[in-house]
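I am opening a notebook on this structure and will write down what I look up, in the order I look it up.

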Amino acid sequence: MDLNLTLFGQMITFALFVWFTKRFVWPVLIKAINDREAKIADGLAAAERGHHELDLSQERAKELLRDAKAKAIDVVEQAHKQATHILEEARLEARTLALRMVSVAEEDIVQAKLAAKMALQKELGVMVVKGAERILKQNISGAINDRLISDLIAEVGVSE
Amino acid sequence: MSNETLDSSQYVHHHLTNLPWTHAFLQKKLGDFGVLNLDTLIMSFILGSAILLLFYFLARRATSGVPSKLQNFVEILFEFIQKQVKETFQGSNPLIAPLALTIFVWILLMNLMDLIPVDLFSILLGKVGVPYWRMVPTTDLNVTFAMSLSVFILILYYSVKEKGALGFAKELLMHPFPYIWMAPINLPLSIIHELAKPVSLALRLFGNLFSGEVIFILIALFPIWWLQWVLGLPWAIFHILIIFIQAFIFTILTIVYLSLAHESHE
């Protein structure tokens, strides 16, 4: 019941315990607690940031999609336009080519006609002269004959 | 009844007697003061080192990642103490929190011994030849005064360290009446004020636990067996409250006193 030497024994024990706690126990565990607190705070901040970033990227993705759609429509339209253009050009080219071919053919026809006419004229002349010669064989000399024929030919050529 | 050879008063006396050890030299020099209460010293040391070693091994394996259940529990205790210190103690002193933690867990464990049936260990140890054994160290004035006097020494140390010898002297002389001519009245008042701190700390804890223990002993004396439950159980449940409250009060008052020692009253 009374105070005795135990008092000092207990004081020494107490001092040892406090020293031990301060040296080996308290700082270590408090550090673990504080570290975890910091870690959790960081994690929460990161989660918040991640959330925000997700929102942003979703927004961006939407925007990109919208842009892509618009661009696709543009591309299709342009392709359409170009196709029409090409078709138009091809049509034009074909038409000029056809025209040119027609004109060449026409020229050929004219040439052929001319050549045929010339041949016909010559033949006709010969035939006329032959006919006339046969008719005139009896009465007119050869010299007058030749002159008549060439006059005739010239006349035919002029009349052409 | 534990021991048929004792009558009631002997039984009570037996349960309130510490296991003494002394040396002829100490006895001669110090008289009754030269005695060591072995049961008190051993019990308090075992309890204190058990909990501190547990803390130590937990601290070595402590992780800032996901804590084990035990670490989690201990951390709750640590944060509870840290919160009390932060709320009460204004300055920054790395000693206060570990001191408060040590006081709290140590007193709590020593108080908890009160819930062990009063006869259990005295009978068991009696069988191996130990004549006296008190399980609850906080029912020994030496324990409570050892802690409160240690705290008192810290109070004086930090008062002088933080305020300077002159500042502390001025505080003693100028309070509660702020006139120097009142110093002859202030000084005794201040001294009583300061001395009341360790005395009240020690006696409050001792008184609560000692009276609790006495009541447990008296309940154990009832001859009707079922009265042990009818009286013992409610008292034990009520005592759990006292055990925690007393440990808490001692801790909080220690923090408050040391906080006062750090701040000037100007």
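**Entry 1: burial in chain B**

What percentage of the 266 residues of chain B count as buried? I found 48%. I note at the start that this is a predicted model, and I read every value below with that in mind.

**Entry 2: layout of chain B**

I looked up the secondary structure of chain B and got nine helices and two strands. Following the sequence, I wrote the order down as α-β-α-β-α-α-α-α-α-α-α. I then took the box along the principal axes: the C-alpha atoms of chain B fill roughly 65 × 55 × 40 Å.

For the contacts of chain B, I considered pairs of residues at least 6 apart in sequence, and 70% of these contacts join residues at least 24 apart. The accessible surface of chain B is about 13,600 Å², and 73% of that belongs to carbon and sulfur atoms. I also checked the charges: chain B has 14 positive and 16 negative ones, and their mean positions lie 8 Å apart.

**Entry 3: layout of chain A**

How many helices and strands does chain A have? I counted two helices and zero strands. The radius of gyration of chain A is 61 Å, whereas a compact globule of 160 residues would have one near 15 Å. The box agrees with an extended outline, as the C-alpha atoms of chain A take up roughly 195 × 25 × 15 Å along the principal axes.

Of the 160 residues in chain A, 16% count as buried. Chain A exposes about 12,900 Å², with 64% supplied by carbon and sulfur atoms. Its charges are 22 positive and 24 negative, and I noted 4 Å between their mean positions.

**Entry 4: where the chains meet**

How many residues of chain B are in contact with chain A? There are 53, and they touch 30 residues of chain A. The size of an interface is often given as the accessible area lost when the parts come together, so I looked that up next. Between chain B and chain A, about 3,800 Å² is buried, and carbon and sulfur atoms give 76% of it. On the chain B side, B:F33, B:S64 and B:N142 lose the most area to chain A, together 16% of what that side buries.

**Entry 5: two residues of helix α9**

I turned to helix α9 of chain B, which covers residues 227-262 and holds B:S259. Is B:S259 buried or exposed? B:S259 counts as buried, because its relative accessibility is 5% and the cut-off for buried is under 20%. Apart from neighbours within four places in sequence, B:S259 is in contact with B:T88, B:F89 and B:Q90. I also took the distance from B:S259 to B:Y158: they are 101 residues apart in sequence, but their C-alpha atoms are 9.3 Å apart in space.

B:T254 is in helix α9 too. At 1% relative accessibility, B:T254 is buried. Its contacts, again without neighbours within four places in sequence, are B:L99, B:I103, B:V151 and B:L201.

**Entry 6: B:N111**

I looked up B:N111 in helix α5, residues 96-112 of chain B. Its relative accessible area is 0%, so B:N111 is buried. Which residues is B:N111 in contact with, leaving aside neighbours within four places in sequence? I listed B:V136, B:T138, B:L205, B:L209, B:I243, B:Q246 and B:A247.

**Entry 7: helix α7 and the loop after it**

B:G164 is in helix α7, residues 141-174 of chain B. With a relative accessible area of 24%, B:G164 is partly exposed. From B:G164 to B:L227 I noted 63 residues in sequence and 59 Å from C-alpha to C-alpha.

Between α7 and α8 (183-221) there is a loop that contains B:P176. The peptide bond joining B:H175 and B:P176 is cis, with omega about 0 degrees.

**Entry 8: B:H23**

Where is B:H23 in chain B? B:H23 is in the loop between β1 (20-22) and α2 (24-30). Its relative accessible area is 43%, so I put B:H23 down as partly exposed. B:V35 is 12 residues from B:H23 along the chain, and their C-alpha atoms are separated by 7.8 Å.

Methods:
Residues are numbered from 1 along each chain as its sequence is written. Chains are lettered from A and ligands numbered from 1 in the order in which they are written. This is a predicted model: local features need pLDDT of at least 70, side-chain atom pairs count only at pLDDT 80 or more; totals for chains, interfaces and linings use all residues. Side-chain values use heavy atoms; hydrogens and water are left out. Helices (H or I, at least four residues) and strands (E, at least two) are DSSP runs, numbered from the N terminus. The radius of gyration is taken over C-alpha atoms; the globule rule is 2.2 Å times the number of residues to the power 0.38. Buried means under 20% relative accessible area, exposed over 50%, partly exposed in between (1.4 Å probe, protein chains only). Accessible areas come from the Shrake-Rupley method with a 1.4 Å probe; for residues, only the protein chains shown count as cover. Lys and Arg count as positive and Asp and Glu as negative; His and the chain ends are not counted. The place of a charge is taken as NZ of Lys, CZ of Arg, CG of Asp or CD of Glu. Contact means heavy atoms within 4.5 Å. Buried area is the accessible area (1.4 Å probe) that two parts lose on being put together, summed over both.
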